Amino acid sequence: MSIEPVSEDSVLIRFGDQLDEQLTPRILAAQARIASQLGDWIIDQVPAYTTLLVVYDLHKVDFRRVVAGIEPILAGIDEGTSAPRDKGRLIELPVYYHPEVGLDLEAVAERAGLTIEDVIVRHSATTYRVFAMGFAPGFGFMGTVDPSIATPRKSTPRQRVPAGSVGIANQQTAVYPSVSPGGWNIIGRCPTQLFSLERLSLLQAGDRVAFRAISRDEFVDQGGEL
Amino acid sequence: MSGLEVHDTGLRATLQDEGRRHGQHLGLAVGGAADLHAFRWANKLLDNPRTSACLEVLMGGFSAEATGTMSIAVTGAASRLFINDRRQSLWRTHTLHAGDTISLEPPSNGLLNYIAVPGGWQGNELCQSRSMTPREGLPGLTVIEPDQLIEATSSDVAPERHVPQPFLPDYAAPLTLNVIPGYQHTAFSHDARRTLTTRPYTVTQQIDRMGYRLSGAAIKAPDMTLLSEGIALGALQIPTDGQPIVLLNDRQTMGGYPKIGTVAALDCSRLCQRKPDTEVRFRFAELANVQCERVVFEAFFGRTEWADSRTLRWR
């Protein structure tokens with residue numbers, strides 16, 4: 001682990017260099033302890049795959065004091081903090097997988113040498129972990145996608161990906177909470193609202209997510225828009 | 001409460017304060033006033049708390065009518081300010097009465113104006129902030145719309161005050177941006193770092209609240225795959241084409257391009273008043289020196305008070 005200054009009011013804590021699902025619980029434990037123990041000094045924290053960005057309030061604290069506050073917290077988070085794989089909230093997200101809304105479903109299947117049915121089964125058979133939130137409000141980066149259907153980002157991003165679109169980029173998957181530009185391969189659409197001003201984000205880093213295939217009728221019944 | 005009935009918003013008008021707190025882990029952008037200097041002065045003229053929301057107007061073209069008696073302060077870009085068709089100065093307080101009209105023409109120098117009112121503007125709050133982030137499309141938190149009524153928090157009438165002359169900025173002055181080495185700094189070659197600090201870069205047309213794209217001598221990015229990580233204000237991202245991007249207030253919370261360092265926050269403030277085709281330069285700076293400049297800047301606004309209409313003294 002290392003703590004590096006990256007700007008005048010933030011430090012980046014590195015927990016490792018490689019994508020490793022075991023890092024997530026340690027990063028989130030550090031985030032929670034920093035929030036509770038250093039409270040008022042902290043403006044924001046951004047947990048990611050292997051790092052935690054901590055933004056502090058220069059009106060209240062400087063770099064040295066922040067590092068002196070963070071070091072003992074990190075020392076208390078050793079390898080033992082890793083939670084077993086099945087810990088974390090489990091959230092089920094229904095998905096209407098169909099070329100009508102899965103704009104790249106056929107292309108993903110063709111690239112993988114699979115049928116569309118196979119792609120759907122393989123995408124919805126895995127229970128994913130939310131590694132990090134980012135890109136847009138409520139957007140969760142999830143892994144790990146079955147290698148057989150992992151598909152690189154599109155060379156030209158779409159200007160407009162519809163809200164609810166479920167995408168794949170390499171071994172990551174995610175749901176676009178609102179309309180936005182995006183380069184992920186879209187294989188279906190989810191009717192669940194992922195972000196609202198009242199509840200904020202449905203997903204949080206550390207959650208587990210299972211996708212369940214639903215029909216066109218169920219999608220519409222659950223408020224999905226075609 | 002008195003307020004403004006907005007007629008025209010120009011290219012973009014938003015409410016901005018110091019930005020959101022504790023929202024980035026949900027993917028929410030920070031937002032916040034892009035030019036901290038002009039923002040702090042607008043609030044200082046009215047003795048507002050430092051977190052008070054100002055109206056941030058891009059490229060003038062803004063006009064509105066007062067619904068009652070109210071004080072305002074206007075700072076920022078060199079835009080011609082009119083109150084009831086009479087030319088007025090920026091960087092000072094004014095008092096409006098019901099029916100008075102206020103308008104800002106497109107600036108001759110700089111890009112952003114800040115309009116403050118006593119106690120700040122009222123608005124929807126998210127994560128302890130009224131900052132609007134147009135790209136996120138959150139209801140009530142995108143932009144100020146024409147015909148919208150925006151109201152002040154307090155009806156106090158402020159005394160006449162002027163920002164003292166030495167504090168007035170020149171947004172056409174040569175600008176060298178201080179860069180704190182950080183992130184993937186050491187993965188960049190010596191040549192790449194030298195290119196950044198010895199060659200001029202030009203502000204392109206691709207500029208907004210998310211970031212400033214610059215163009216100039218290509219900086220060779222290290223050949224590495226990087227997992228996305230949290231992006232600080234001012235992160236200096238070098239994509240594969242070698243053309244630097246300075247990431248600003250409405251940046252995405254995470255990104256996976258190599259970053260050669262981070263531009264000081266007060267230099268981000270200076271940068272976002274620079275128009276396309278302006279030349280800027282970079283230099284590497286010590287973290288301690290950058291923090292020092294920022295702490296002194298904040299202490300000045302926090303620990304001074306008005307002695308008279310044109311003079312401040314330390315408390």
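Here is a short chat about the interfaces in this predicted model.

Local features need pLDDT of at least 70 and side-chain atom pairs count only at pLDDT 80 or more, while totals for chains, interfaces and linings use all residues. Residues are numbered from 1 along each chain as its sequence is written, chains are lettered from A and ligands numbered from 1 in the order in which they are written, and side-chain values use heavy atoms, with hydrogens and water left out.

Visitor: What area is buried between domain 1 and domain 2 of chain A?
Guide: Chain A splits into domain 1 (2-81) and domain 2 (90-221), with bounds from an automatic or database domain assignment. Buried area is the accessible area (1.4 Å probe) that two parts lose on being put together, summed over both. Carbon and sulfur atoms give 63% of it here, and the total is about 720 Å².

Visitor: Which residue of domain 2 pairs with A:Glu21 in a salt bridge?
Guide: We're after a side-chain nitrogen of Lys or Arg within 4 Å of a carboxyl oxygen of Asp or Glu. The rule finds one such bridge across the interface of the two domains. At 3.4 Å, N to O, the partner of A:Glu21 is A:Arg129.

Visitor: How many salt bridges link chain A and chain B?
Guide: The contact (heavy atoms within 4.5 Å) takes 46 residues from chain A and 43 residues from chain B. Together the chains bury about 3300 Å². One of the bridges joins A:Arg14 and B:Glu229, with the closest N and O atoms 3.3 Å apart. Across this interface, the number of salt bridges is three.
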